[in-house]
Amino acid sequence: MTTNAQVQAANSPEIVTFGETMALLMPSSGKGLEYSAELHSLFGGAESNLAIGISRLGGKVGWFGRLGKDPLGRMIFKKLRGEGIDVSRAELTGEAPTGLMMREVLMGKTSVYYYRKNSAASQTSVKHLDETYIAGAKILHVTGITPALSQSCKEAVFEAVRMARKHGVKVSFDPNLRLKLWSIEEARPVLLELAQLSDIFLPGLDELKLLYQTEDWDVIVGKLRELSAISIVKGGDNETYVVTPDTITAVPYFKAEQVVDTVGAGDGFCAGFLVGVTKGYDYAEAVRIGNLVGSLIVQTEGDWEGAPTWEQVDAVLHDIKHIER
């Protein structure tokens with residue numbers, strides 16, 4: 001006999017992720033925030049950026065988190081649902097507001113201002129996790145942003161990882177180090193423990209230098225090989241590295257024709273990589289897909305708006321020419 005829990009698990013998407021998604025306000029016309037009379041209303045968050053990227057590539061993905069029961073929260077919820085993401089475990093709560101961030105780009109430098117203290121997402125706890133939902137996935141993806149938000153968020157991340165490992169679900173972890181949220185001394189032990197618990201570790205090279213307190217590539221590789229995870233190191237000079245206990249494979253970047261906005265590139269890379277993995281590609285080829293998705297995203301303004309479809313990615317990978325008319 002099939003139990004209700006088994007039915008729920010069977011209905012889980014292939015990839016599940018969770019975390020804070022915030023409303024985003026940006027000036028129009030490249031002006032500074034204090035001088036702009038008009039602001040674009042958008043949203044962003046590492047985990048939801050990734051979920052949108054996965055969905056556009058044809059992957060089955062679920063995002064859950066807590067949003068305020070306010071206009072910003074409802075806007076985010078509806079747009080994520082409209083992108084084909086399963087938001088059945090997301091919650092709109094009247095207990096706290098949706099987080100907000102504001103961003104400006106002046107003289108080529110991006111500045112972000114956060115208004116997220118005591119947000120609905122920061123109050124996420126273990127009680128908001130659905131074990132059967134996580135158990136039914138193939139991959140649980142978490143980032144280092146969520147545990148930085150509050151003690152209850154940190155506990156929720158570790159418990160979600162425990163649930164995934166208990167049920168044989170692979171754990172994908174992007175440290176996404178944010179020093180505006182916590183110091184490196186606070187972050188280091190938490191992020192290194194999560195790396196140890198993961199199956200797929202997705203750090204940037206600069207993050208590894210801070211976490212391992214060294215600039216020496218050989219020392220970093222040695223540390224990565226002590227993990228049980230496959231490590232995918234982003235941010236090399238011209239390539240991404242796949243580090244296993246025995247090999248290092250360098251996968252070249254795709255050249256972007258123009259760089260408009262670099263925010264969201266890492267999330268796009270992770271989306272492309274994880275879709276590649278679920279489609280059965282080996283790690284190096286999945287990294288190639290991730291590199292391509294990242295290069296396409298930086299050519300469009302916004303955290304996720306430039307995320308491509310699988311058809312667009314496939315056309316570039318196989319050099320399929322676009323027929324205009």
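This briefing walks through two sheets, several helices and one buried residue of the structure shown above. The model is a predicted one, and every feature described below should be read with that in mind. One open sheet has eight strands, in the order β4-β1-β9-β10-β11-β12-β13-β14, while another open sheet has four strands, in the order β3-β2-β7-β8. Helices including α2 and α10 lie against the eight-stranded sheet, and helix α3 packs on the four-stranded one.

**The eight-stranded sheet**

- The pairing in the sheet that runs from β4 to β14 is mixed. Strands β4 (61-64) and β14 (248-252) stand at its edges with a single partner strand each, so that one side of each has no neighbour in the sheet.
- At the β4 end, β1 and β4 run parallel and are joined by four bridges, and Val 16 stands opposite Gly 62 in β4.
- Both faces of β4 are covered, since Val 61 and Trp 63 on one side are buried, as are Gly 62 and Phe 64 on the other.
- Further along, strand β10 (residues 170-174) and strand β11 (residues 200-201) run parallel and are joined by two bridges, with Ile 200 of β11 as the bridge partner of Ser 172.
- Strand β11 is also joined to β12 by two bridges, and these two strands run parallel; here Phe 201 stands opposite Ser 231 in β12.
- The direction changes between β12 and β13, which run antiparallel and are joined by three bridges, and Ser 231 stands opposite Val 243 in β13.
- In the hairpin of β12 and β13 there are five residues between the strands, and Gly 235 takes a positive phi near 90 degrees.
- In a regular strand, side chains alternate between the two faces of the sheet. Strand β12 has Ile 230 and Ile 232 pointing one way and Ser 231 and Val 233 pointing the other way, and all of them are buried.

**Helices that lie on this sheet**

- Helix α2 (residues 46-56) lies across β1 (15-18), β4 and β9 (139-143), and runs at about 160 degrees to β4.
- Helix α10 (residues 265-278) also packs on the sheet, where it touches β1, β9, β10, β11, β12 (230-233) and β13 (239-243), and its direction makes about 165 degrees with that of β9.

**The pair α10 and α11**

- Two packed helices are described by the angle between their axes and by the distance between those axes.
- The axes of α10 and helix α11 (residues 283-297) come within 7 Å and cross at roughly 145 degrees, and the crossing is right-handed.
- Residues of α10 that take part in the contact include Phe 269, Gly 272 and Phe 273, while those of α11 include Ala 286, Ile 289 and Gly 290. The residues of this contact divide into ten nonpolar, six polar and no charged.

**Helix α6**

- Helix α6 (residues 151-166) has 16 residues and reaches 23 Å from its first C-alpha to its last, which is close to the 22 Å expected at 1.5 Å a residue.
- Among the buried residues of α6 are Cys 153, Phe 158, Glu 159 and Met 163, and what covers the buried residues includes β1, α4 (131-135), β9, α5 (146-149), β10 and α7 (184-197).
- Just after α6, Gly 168 takes a positive phi of about 75 degrees.

**The four-stranded sheet**

- The sheet of β3, β2, β7 and β8 has mixed pairing. Strands β3 (39-44) and β8 (109-115) stand at its edges with a single partner strand each, so one side of each is without a neighbour in the sheet.
- Neighbouring strands of this sheet are turned against each other by 25 degrees on average, direction ignored.
- Seven bridges join strand β7 (residues 100-106) to β8, and the two strands run antiparallel, with Met 102 standing opposite Tyr 113 in β8.
- Helix α3 (residues 71-82) packs on this sheet by touching β2 (22-27) and β3, and its direction makes about 60 degrees with that of β3.

**One buried residue: Ile 220**

- Ile 220 lies in helix α9 (residues 217-224) and counts as buried because its relative accessible area is 0%, where buried means under 20%.
- Leaving aside residues up to four places away in sequence, Ile 220 touches Leu 205, Leu 208, Lys 209, Tyr 212 and Thr 214.
- Leu 205 is 15 residues from Ile 220 along the chain, and their C-alpha atoms are separated by 9.1 Å.

Key
Residues numbered from 1 in each chain as written. Predicted model: local features only at pLDDT ≥ 70, side-chain atom pairs only at ≥ 80, totals over all residues. Heavy atoms only, no water. Buried < 20%, exposed > 50% of the residue type's maximum accessible area, 1.4 Å probe, protein only. Contact = heavy atoms within 4.5 Å. Pairing = 2+ DSSP bridges. Axes fitted to C-alpha atoms, helices over the stretch in contact; angles between N-to-C directions. Expected span 1.5 Å × (residues − 1). Left-handed = near helix turned anticlockwise from the far one by under 90°. Nonpolar A, V, L, I, M, F, W, Y, C, P; charged D, E, K, R; others polar.
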